[in-house]
Amino acid sequence: MPVIQAETATGTQEIDAEAGRKLVLVLEDAGIDILHRCGGNAKCTTCRVEVLAGDPGEIGEPERARLAVETGLAETVRLSCQVRVQDDLKVRVLRQASIDNLAPGNRPTEE
Ligand code: FES
């Protein structure tokens, strides 16, 4: 079972994750108030995380195209709604509802 280390505004959490699940759901189900304003459709980038260690897997075309529009993001930034957890990862959560004072958005689907 992959282990996710997640740095948040309130500290670091270690989470046991089911392989194959969307990273955004793993984080949210662990109580982290990550934003996902477009509902997990690679449109908003609010679910972005910085990958500090581990392999988040291949980047798909919708994610690559959406991130290419943004300026000033590190190359290690990924959209957690597009990442399927396969291996241990260490990530920094970059946008949280409580910090940005925004509603999280519709919950992304499991599929
Ligand atoms: S890009 Fe909007 S939730 Fe991931």
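**Entry 1: strand S2**

I started with S2 and asked how many of its residues are buried. The count is 0 among its 6 residues, so I noted S2 as hardly covered, given that a residue needs 20 or more other C-beta atoms within 10 Å to be buried. I should jot down early that this is a predicted model.

Next I looked up the partner of S2. Strand S1 (residues 3–8) pairs with S2 in the antiparallel sense, and I found 6 bridges between them. For one register check I took valine 3, whose bridge partner in S2 is aspartate 16. The link from S1 to S2 is a hairpin, with 2 residues in it.

**Entry 2: the whole sheet**

Where does S2 sit in the strand order? I read the order as S2-S1-S5-S3-S4, an open sheet of 5 strands with mixed pairing. S2 (11–16) is therefore an edge strand, and strand S4 (77–79) is the other, each pairing on one side only, where a pair takes at least two bridges. From one strand to the next, I get an average twist of 35°. A reminder to myself: strands in a sheet pair through backbone hydrogen bonds, in either a parallel or an antiparallel way.

At the S4 end, I looked at strand S3 (residues 48–54), which runs antiparallel to S4 and is joined to S4 by 3 bridges. Valine 49 has arginine 78 of S4 as its bridge partner.

**Entry 3: arginine 78**

That pairing made me stop at arginine 78, which is placed in strand S4. Is arginine 78 buried or exposed? Arginine 78 counts as buried because I find 22 C-beta neighbours inside 10 Å. With sequence neighbours within four places left out, its contacts are Val49, Val51, Pro56, Ile59 and Val83. So Val49 turns up for arginine 78 both as bridge partner and as a contact, the contact cut-off being 7 Å between C-beta atoms. I also took one longer distance: glutamate 110 is 32 residues from arginine 78 along the chain, and their C-alpha atoms are separated by 18 Å.

**Entry 4: chain-level numbers**

I stepped back to the whole chain, which has 3 helices and 5 strands. Starting at the N terminus, the elements read β-β-α-β-α-β-β-α. The radius of gyration is 12 Å, and I call that in agreement with a compact globule because 111 residues would give a value near 13 Å. Along its principal axes, the C-alpha trace spans about 35 × 30 × 25 Å. I have 31% of the 111 residues down as buried. For contacts between residues at least 6 apart in sequence, 69% join residues at least 24 apart.

**Entry 5: the nonpolar core**

Which residues have the most contacts inside the largest nonpolar core? I list Ile4, Val24, Val26, Leu27, Ile34, Val85 and Val93, out of 21 residues in that core. S1, H1 and strand S5 (89–93) each supply at least two of the core residues. H1 gives the most, with 5 residues.

I picked valine 85 for a closer look. Apart from neighbours within four places in sequence, valine 85 contacts Pro2, Ile4, Ala17, Ala19, Gly20, Arg21, Leu23 and Val26. Ile4 and Val26 in that contact list are also among the core residues with the most contacts.

**Entry 6: the loop between H1 and S3**

Leucine 35 is in the loop between H1 and S3. I count leucine 35 as buried because 25 other C-beta atoms lie within 10 Å. Its contacts beyond four places in sequence are Thr46, Cys47, Arg95, Gln96, Ala97, Asp100, Leu102, Pro104 and Gly105. For Thr46, I checked the C-alpha to C-alpha distance from leucine 35: 5.4 Å, with the two positions 11 residues apart in sequence numbering.

Threonine 45 is in the loop between helix H1 (23–29) and S3 too. Threonine 45 caught my eye for a positive phi of about 70° in a residue that is not a glycine. Most residues other than glycine have a negative phi. Threonine 45 counts as buried, since I find 20 C-beta neighbours inside 10 Å.

**Entry 7: another positive phi**

Asparagine 101 also has a positive phi, near 55°, and is not a glycine either. I place asparagine 101 in the segment after helix H3 (97–100). Is asparagine 101 buried or exposed? Asparagine 101 counts as exposed, because there are 7 C-beta neighbours inside 10 Å.

Methods. Residues numbered from 1 in each chain as written. Predicted model: local features only at pLDDT ≥ 70, side-chain atom pairs only at ≥ 80, totals over all residues. Helix = DSSP H or I, 4+ residues; strand = E, 2+ residues; numbered from the N terminus. Axes fitted to C-alpha atoms, helices over the stretch in contact; angles between N-to-C directions. Buried ≥ 20, exposed ≤ 12 C-beta atoms within 10 Å, placed from the backbone. Contact = placed C-beta atoms within 7 Å. Rg over C-alpha atoms; globule rule 2.2 N^0.38 Å. Core = buried A, V, L, I, M, F, W, Y, C linked by C-beta atoms within 7 Å.
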